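Visitor: I'd like a close look at one part of this protein, and then a walk outward from there. Could you keep it informal, since I'm just starting out?

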Amino acid sequence: MNMILKEKNRLDQQEFWKEEVVYQIYPKSFYDSDGDGIGDIKGITQKLDYLAELGVTMLWICPIFTSPMVDNGYDIADYKGIQTEFGTMEDLTELIEAAKAKGIKLILDLVVNHSSDEHAWFQAAIADPASPYRDYYIFKSGEAGNPPNNWRSIFGGSVWEPVPNEDNMYYFHTFDKKQPDLNWENPALRQEIYEMINWWLEKGIAGFRIDSITFIKKDQDYEDVAVDGSDGFGSVKVKTRNRPGIEKFLAELNRETFQNYECVSVGEAPGVPYDQYDQYIGEDGYFNMIFDFHYADIDVENGSEWFRRTNWQPQDLKDLLFKSQGAIQNSGWGANFLENHDQPRSLSKYITDERYQNEIGAKALGTLFFFLRGTPFIYQGQEIGMKNFQRETIEDFNDVSSIDNYHRSLLEGYSEKEALMFVNQRSRDNNRTPFPWDAAENAGFSESNEPWLKLTGDQAAVNAADQVQREDSVFSYYRQMIQLRNHSAYRQTLIYGQFSPLKSTDAVIAYERSGNETLQFFVNLSNQEQEIETTGEVLLNNYNELQMQNGAQVLQPYQAVVIRKGENHD
Ligand code: TEU
């Protein structure tokens, strides 16, 4: 009984961050305002009308801080500086103000598992082993001429990099060698991080998405792990992702920063089992919400190894999605997404029949994720139905992990053609291509004809200018979904209503939200007709009609509908 009461209280509890619709911007690829081929902060400010028209209420901007850009800004050299190619602090202040005037808040990306090796702390740490900054990072001696252990970094190769000009000495990096991990065991380092976070919050940003935060605690034994690939290494995740002891760091982080502000904290938290969601997003959780990757990585066995592909079926996605929603609802609040800057395009990933990797498919997927319980996150380009590209050579890729996965695939015995196929399917560059604003040769992204990354090339078919003015476009459908969630009579139900799964055929994902209304959602994830059982008013439909055949309602291939059952009276 107590449990149920607690649940009810949680559901009723209104919070500004539960009501937002977030739009994720990859600044390098959004809009280039100064013609250097690279998107920038002013470019975002100039496109605020587009975002306001879509109806989003919050922007998450991927890292814009001073960086050598080895991992496109996830390698920070100065946490309080702005990368020159993105603009200046004044540009950011101007963006915060201009967005605020349109009712749009801003959150930034907080990357504190690691810094860049060009950060002043790391430079001091390697210049002098006696420096107080030495202990801001993780240094260890090698074993008989080998690195301290056999852990494989997320971007390939050993996690250990020899320290220049020192004998048998290595530093630790979970990701690229230019991203040395910060040593969270050191209280002085932790205090510097908290001070920096508070400094940003004082500047008027609405909060943070917190990068790779489940990696901050490393098993202190640093022992070898089981080898799991032909490269002779074992995944670093085994000993560094969501490990015992992390709870102390995360609770302290929250206590020293987020908790003291009217702000939102969204943790990137792959690897957290559902029975620990209470600690992460429960009443006294470390974060307001977290991203759950259990279903995002359905097509590959392990998020960072793209050659291990799965043969998933819609029923698997349904099971994972329902499990995820159940766990989140039991504990707190979720951050729902189809895409982000690390994932391929959802149309290419989740719609297995290529003929439906079109506007029908994009709207079906939109319906599937947007009305789940939690705050929806839309990734730039998803709202116009962008798809993956096909590159002919590995030379055309920029992303560090694409290049690593290509070589790892070859090492595992796949041919060059197969390796390229894996990378084309999963490359993080798929979602990082310059945004197609119109049908021009450079897609209106930049005055430069040489953007930093090749376009997808299909801007004639998929571009914002066309999408915005066409009533039946994916953009218009997203706008309708946002209107329905945030500005209609169903707002209370769509934001705060209870989630429950509905029974359906294997290929249909069906669920219900109930608050002061009851709404039902049906999404056919197959190219076959599917019968569903429902009655009520159709509020949203990616086809012109919902057909009846032999007394039953039948969804067409990849059809999605939202049905209003009616009002609830207590
Ligand atoms: O990604 C962290 C990370 O672990 C992801 O690779 C995650 O495992 C995967 O998305 C789950 O499928 C973050 C950033 O999002 C990424 O862009 C950075 O490259 C990385 O951290 C390093 O900062």
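Visitor: How many Å apart do the C-alpha centres of domain 1 and domain 2 lie? Please start with that pair and show me what the helices and strands around there look like.

Guide: Happy to! One thing up front: what you see is a predicted model. The C-alpha centres of domain 1 and domain 2 lie 29 Å apart. The two domains do touch, and their contact takes 23 residues from domain 1 and 24 residues from domain 2. According to the domain assignment, domain 1 comes in pieces, 2-118, 183-394 and 429-478, while domain 2 is the stretch 499-564.

Let's begin with a sheet. Look for strand 21, which covers 530-532, and strand 23, which covers 547-549. They are the edge strands of an open sheet of three strands, and each of them pairs on one side only. Reading across, the order is 21-24-23, and the pairing is antiparallel. From one strand to the next, the twist averages 50°. Now zoom in on strand 21 and strand 24, the latter being residues 552-555: they run antiparallel and are joined by three bridges. To pick out a pair of residues here, find isoleucine 532, which stands opposite glutamine 553 in strand 24.

There's another open sheet of three strands to look at, with the order 6-9-8 and, again, antiparallel pairing. Strand 6 (139-141) and strand 8 (160-162) sit at its edges with a single partner strand each, so one side of each has no neighbour in the sheet. Ignoring direction, neighbouring strands in this sheet are turned by 40° against each other on average. Strand 8 pairs with strand 9, residues 169-172, in the antiparallel sense over three bridges. Follow tryptophan 160 across and you land on phenylalanine 172, its bridge partner in strand 9.

Now for the helices. Two packed helices are described by the angle between their axes and the distance between the axes. Take helix 12 (residues 359-370) and helix 16 (residues 474-487): their axes come within 10 Å and cross at roughly 20°. That angle is why helix 12 counts as roughly parallel to helix 16. Helix 12 passes helix 16 in a right-handed crossing. On the helix 12 side, the contact is made by Glu359, Ala362, Lys363, Gly366, Thr367, Phe369 and Phe370, and on the helix 16 side by Val474, Tyr477, Tyr478, Met481, Ile482 and Arg485. Sorted by class, the contact of helix 12 with helix 16 has eight nonpolar, two polar and three charged residues.

Next, swing round to helix 6 (residues 187-202) and helix 8 (residues 246-256), whose axes come within 10 Å and cross at roughly 40°. Helix 6 and helix 8 are therefore oblique to each other. Their crossing is right-handed. If you'd like to click on side chains, Arg190, Gln191, Tyr194, Ile197 and Asn198 in helix 6 meet Phe249, Glu252, Leu253 and Glu256 in helix 8. That contact of helix 6 with helix 8 divides into four nonpolar, two polar and three charged residues.

One more pair to finish the walk. Helix 13, residues 400-411, packs with helix 14, residues 416-426, at an angle of about 145°, and the axes are 9 Å apart. Helix 13 passes helix 14 in a right-handed crossing. Helix 13 brings Ser402, Asn405, Tyr406, Ser409 and Leu410 to the contact, and helix 14 brings Glu416, Ala419, Leu420, Phe422 and Val423. By class, the contact of helix 13 with helix 14 has six nonpolar, three polar and one charged residues.

Key: Residues numbered from 1 in each chain as written. Predicted model: local features only at pLDDT ≥ 70, side-chain atom pairs only at ≥ 80, totals over all residues. Heavy atoms only, no water. Pairing = 2+ DSSP bridges. Helix = DSSP H or I, 4+ residues; strand = E, 2+ residues; numbered from the N terminus. Axes fitted to C-alpha atoms, helices over the stretch in contact; angles between N-to-C directions. Parallel < 35°, antiparallel > 145°, perpendicular 65-115°, else oblique. Left-handed = near helix turned anticlockwise from the far one by under 90°. Contact = heavy atoms within 4.5 Å. Nonpolar A, V, L, I, M, F, W, Y, C, P; charged D, E, K, R; others polar. Domains from an automatic or database assignment.
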